[in-house]
Amino acid sequence: MGQHDVIIIGSGVGGSTVARRLAENGARVLLLERGDFVPREDQNWDVQTVFFDKKYKAQETWLDGQNMPFDPGVYYNVGGSTKFYGAAMFRLRERDFEELEHEAGISPEWPIRYADLEPYYDAAEQMFGVHGDDTLDRTAPAGRKDYPFPAVVSEPVVAEFASRLRQQGLSPSSLPLAINSGPQGNCVLCKTCDGFPCKIAAKNDAETCALEPAIATGRVDLLTKTYARRLLLSPDGHSISAVEVMQAGEVKIYAAKIVVVACNAVNSAALLLRSADTQAPNGVANKSGIVGRHYMVHNQSALMGLSLRYNRTIFQKTLAINDFYFGDESFPYPMGQVQMLGKLQGGMLSANIPHLPRFVGSEMARHSIDWLVLSEDLPDPENRVTVNGETIKLAVTRNNMKGHDRLVGKMKLALQKGGYPIVLTKSLAAHATAHQCGTIRFGDSPSKAALDPFCRSFDHANLFVVDASFFPSSAAVNPALTIAAQALRVADHMLKHDLGVK
């Protein structure tokens, strides 16, 4: 494979975006992925296969805060979790980068501002082919460029409900979606997007939009089924000398000038902690003691509005509501965002609700309109990832729930006023790992952060961490676009300061 300038561990949105930017500017990259390619097959869109058999999820067990085993529902594959995401790609709001007072405490400021990421948000939306229109979004960043592609048009039932929401004084806006839709695209706007891989590769994910173009440069080598066990330090402990991996049952060592960790918030922290040695007794990049701490995952609830009317919508995921993102007159604290879910199907319900007969779930799904409420959880140092050998422990206590509960109540009332008298709610907080972030936060001070504002380790000059680990706060929108934007920013910094590319 020859010599490499950079080793990247993880092929999700952070790792693959860095790989593409570096390779397109002449760098040689070795990308290590513990999983394999998700096969494109008819089973990709089969509810039984995806939700009951869980064919594509990792067969892994973690421990919770009470040392009880649980299935974290994570994915290890080329493209990372974006192979299964719902393709919603939001920018953080401008105020999300500042200190924000919540009902339950303070959401800390970031070491960068929205303006620092704005050109990279533009580039990331272009890279991932985002469709959107935020002219009706009251919280949209001011003066931003138009989306690369127009918003996906809502089907009749959804469009009519949007009108009913506007009659209530709300302002539903377009949900920004990374899908290959429109006249030149191949997306068929199906009901198997959220939680499903795409058998026709029409979901704009890390593999299709970042990794495939990166490999096409001829300067990226991808090794699948390659598990990074440890980072090995130089004798003085100031840099990463190599990466120790397990590959086909054998231990191998790979080295490069720069190492980028992008395994997701839990596994990146676990890798750094597993790499402890005499030069770093508490783990790599962890002189601050914060690696693994401040785990965040959003407070999340699903709402299912039911009516006598049959909902024939196929592609439902087109609207978001941000009216209460920063609170209202009755509750002057952030509450969060509401966005539509992909159309629920009967088997999906019975897979996640014990003892619900499939025929009952199917009938409910035919008459439902489906929403997701996302609210910010606050960084708590005791919400943390630790390791015992190869075993991961994830201890989490939920927080900042009052704003979330108020938003759930407001959306429930809006559904009822809009013609859906029965509203079922389900918390998605138990053992949640979707939208995970915050375990290797970046900042200005090495005493309070593991990474500098360009995601470089304060402790080891050639180590970067580029996934949602770097988030100091979770905000209340999907993290994928912000990861991609920061990945581009970090890659540009790396090219200039470490690889000599002007």
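Accessible areas were obtained by the Shrake-Rupley method with a 1.4 Å probe, and for residues only the protein chains shown count as cover. On this basis the protein chain exposes about 19400 Å², of which carbon and sulfur atoms supply 51%. The structure is a predicted model, in which local features need pLDDT of at least 70 and side-chain atom pairs count only at pLDDT 80 or more, whereas totals for chains, interfaces and linings use all residues. Residues are numbered from 1 along each chain as its sequence is written, and side-chain values use heavy atoms, with hydrogens and water left out.

The protein chain contains ten helices and 22 strands; helices (H or I, at least four residues) and strands (E, at least two) are DSSP runs numbered from the N terminus. The radius of gyration is 22 Å, close to the 23 Å that the globule rule gives for 502 residues, so the chain is as compact as a globular protein of that length. The radius is taken over C-alpha atoms, and the globule rule is 2.2 Å times the number of residues to the power 0.38. Along its principal axes the C-alpha trace spans about 70 × 50 × 45 Å. Of the 502 residues, 60% are buried, where buried means under 20% relative accessible area, exposed over 50%, and partly exposed in between (1.4 Å probe, protein chains only). Among contacts (heavy atoms within 4.5 Å) with a separation of 6 or more, 73% involve residues 24 or more positions apart.

The distribution of charge was also examined. The mean positions of the 51 positive and 54 negative charges lie 3 Å apart. Lys and Arg count as positive and Asp and Glu as negative, while His and the chain ends are not counted; each charge is placed at NZ of Lys, CZ of Arg, CG of Asp or CD of Glu.

An open sheet of six strands has the order β8-β16-β17-β18-β15-β21, with antiparallel pairing. Its edge strands are β8 (173-174) and β21, each of which pairs on one side only. Two strands are taken to pair if DSSP finds at least two bridges between them. At one edge, β8 and β16 (residues 319-321) pair in the antiparallel sense over two bridges, with S173 standing opposite A320 of β16. Strand β15 (residues 299-306) is joined to β18 (residues 368-375) by eight bridges in an antiparallel arrangement, and M304 has D370 of β18 as its bridge partner. Six bridges, again antiparallel, link β15 to β21 (residues 422-427); here L306 is partnered by I422.

In a regular strand the side chains alternate between the two faces of the sheet. Both faces of β15 are covered: N299, S301, L303 and G305 are buried on one side, and Q300, A302, M304 and L306 are buried on the other. Eight of the eight residues of β15 are buried, so the strand is largely enclosed by the rest of the structure.

Individual positions in helices and strands were then considered. S268, in helix α6 (residues 265-274), counts as buried at 0% relative accessibility. Leaving aside neighbours within four places in sequence, S268 is in contact with V261, A262, C263, I440, V465, D467 and S469. R366 belongs to helix α8 (residues 358-366) and is partly exposed, with a relative accessible area of 37%. With neighbours within four places in sequence set aside, the contacts of R366 are R309, Y310 and N311. The C-alpha atoms of R366 and S307 are 9.5 Å apart in space, with these positions 59 residues apart in sequence numbering. S241, in strand β12 (residues 240-247), is partly exposed at 35% relative accessibility. Beyond its neighbours within four places in sequence, S241 is in contact with L232, L233, S234 and A255. The C-alpha atoms of S241 and K257, 16 residues apart along the chain, are separated by 8.1 Å.

Backbone geometry was examined in the loop between β9 (177-178) and α5 (206-216), where L189 is placed. Most residues other than glycine have a negative phi. L189, however, has a positive phi near 50 degrees and counts as partly exposed at 28% relative accessibility. A201, found in the loop between β9 and α5, has a positive phi of about 55 degrees although it is not a glycine. At 21% relative accessibility, A201 counts as partly exposed.
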